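Open the model in your viewer and keep the selection panel at hand. We will go stop by stop.

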Amino acid sequence: MFVLIIWLLAGALLCLSLFKDREKTARSLRVAWKFFCSMALLVLLTIWSIGFLLSLLPPGLISRVIGQDSGLKGVVLAALFGSVVLIQAFIAFPLAGSFLRQSASVTAIAAFVTTLVMVGVLTAPLEAKFFGKRFALWRNSLSFIFAVVIALLMGVVLR
Amino acid sequence: MRENRVVLGFLFLLALANVCLYILNREKGLAVLLTGKNYLLEMLSILPPILILVGLFEVWVPKTVIERAMGQSSGFKGILASYFVGTAAMGPLYVAFPIGLSLLRKGASLFNVSIFLCVWASIKIPMILFEVKFLGADFAFLRLALTIPGIMAIRWILNLVLKRSRLYEEA
């Protein structure tokens, strides 16, 4: 159902774009194709790795480390992991979804996804170069704290 | 590209591992492939329309429009513009840094730029669709609903903390 809506939305917007400007539409499709090419192999790699993870990890490991009973430790662990790794959301969401199905807690997954997008330990030096050390330090630390808070709230609401 | 070669190398290793696993344990080896295939199908069902949306955004909302929209705005309008501008464009956070800098130069305040950076990082319309697909609508929209005020709070605290810093005077 949701997938159908997305297809319809994309189709409708594409038609609208085509109607308004043929050349721009062609360019947008080229952008989409280039984007696909840049991530296709990586997506394949991720999906295959998910296959390995889900069939080889001892059942219960994920839920033990970042599951409901892992408490604040699991949440902070997930948040730290999300802050350090540099992966695209395109790849992170399926991975996070597979963990969620393996009974990881909503809180930990929310912490992981939120810090993944908002906190960048690896990109912080670059950010500091552009906006100053204090700015980068504070923006990233505050984002980390808020990510954990958001995650805890989500854990309370979505049980 | 070099990055591609690294990824290909890893893919090769995975293939090798999969063959070994299959020889050692037929069932597990097949299970890996089967799980992978299911995820692949799930991915392919949603990827094409999202890619189309990404392409359309990129072309119809070019980065110069973004800069113009935020350059002169200030106050509440600037905050709002920061939100909208951040959601529309695509790309990882480090793409946003140079744009943020040029926004600063064009007169946007550092704190609106901080909103822009946070929004750019966390709220992307195609990404939200992706999140709904893989993590569920409840999850995605609740996270969105909490992230928006969260970003406001971060901006507010940043404002307090950095008030006397050099950058603030520059900006």
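The tour runs from confidence to one helix, and then to the contact between the chains.

**Stop 1: colour by confidence.** This is a predicted model, so begin with pLDDT. The predictor gives the complex an ipTM of 0.78 and a pTM of 0.75. Now show chain B alone. Its mean pLDDT is 77, with 73% of its residues at 70 or more. Select residues 137-161 of chain B: this is helix α8, where confidence in the chain is highest, at a mean of 88. Then select residues 166-170 of chain B. Here, in helix α9, confidence is lowest, at a mean of 48. Where pLDDT is low, predicted coordinates should not be read in detail.

**Stop 2: helix α2 of chain A.** Select residues 22-56 of chain A. Start just before the helix, at D21(A). A side-chain oxygen of D21(A) comes within 3.0 Å of the backbone nitrogen of E23(A), at the start of α2(A). Move along to M39(A), where α2(A) bends by about 40 degrees. Next, put a distance between the C-alpha atoms at the two ends: they are 49 Å apart. How far should 35 residues span at 1.5 Å a residue? The expected value is 51 Å, which agrees with the model.

**Stop 3: the interface.** Bring both chains back. Select the contacts: 68 residues of chain A meet 73 residues of chain B. The area buried between the two chains is about 6,800 Å², and carbon and sulfur atoms give 85% of that area. Show W48(A), F90(A) and F131(A) as sticks. These residues supply 11% of the area that chain A buries against chain B, more than any other three residues.

**Stop 4: polar links across the interface.** Six residue pairs, both at pLDDT 80 or more, are in polar contact between chain A and chain B. Colour the chain A side by element. Those giving two or more residues to it are α1 (2-20), α2, α5 (89-101), α6 (106-118), α7 (124-131) and α8 (133-157) of chain A. Which of them gives the most? It is α2(A), with 23 residues.

**Stop 5: the salt bridge between the chains.** Over all chains, the structure holds four salt bridges. E42(B) lies in helix α2 (residues 26-60) of chain B and R101(A) in helix α5 of chain A, so this pair joins two chains. Zoom in on the two side chains: they meet in a salt bridge, 3.0 Å from N to O. The count of salt bridges between chain A and chain B is one. Side chains of opposite charge can pair when their charged atoms come close.

Technical notes:
Residues numbered from 1 in each chain as written. Chains lettered and ligands numbered in written order. Heavy atoms only, no water. pLDDT = per-residue confidence, 0-100. Helix = DSSP H or I, 4+ residues; strand = E, 2+ residues; numbered from the N terminus. Expected span 1.5 Å × (residues − 1). Bend = angle between axes of the 7 residues up to and from the residue. Polar contact = N/O pair within 3.5 Å; in protein donor to acceptor, adjacent residues only side chain to side chain. Contact = heavy atoms within 4.5 Å. Buried area = accessible area lost by both parts, 1.4 Å probe.
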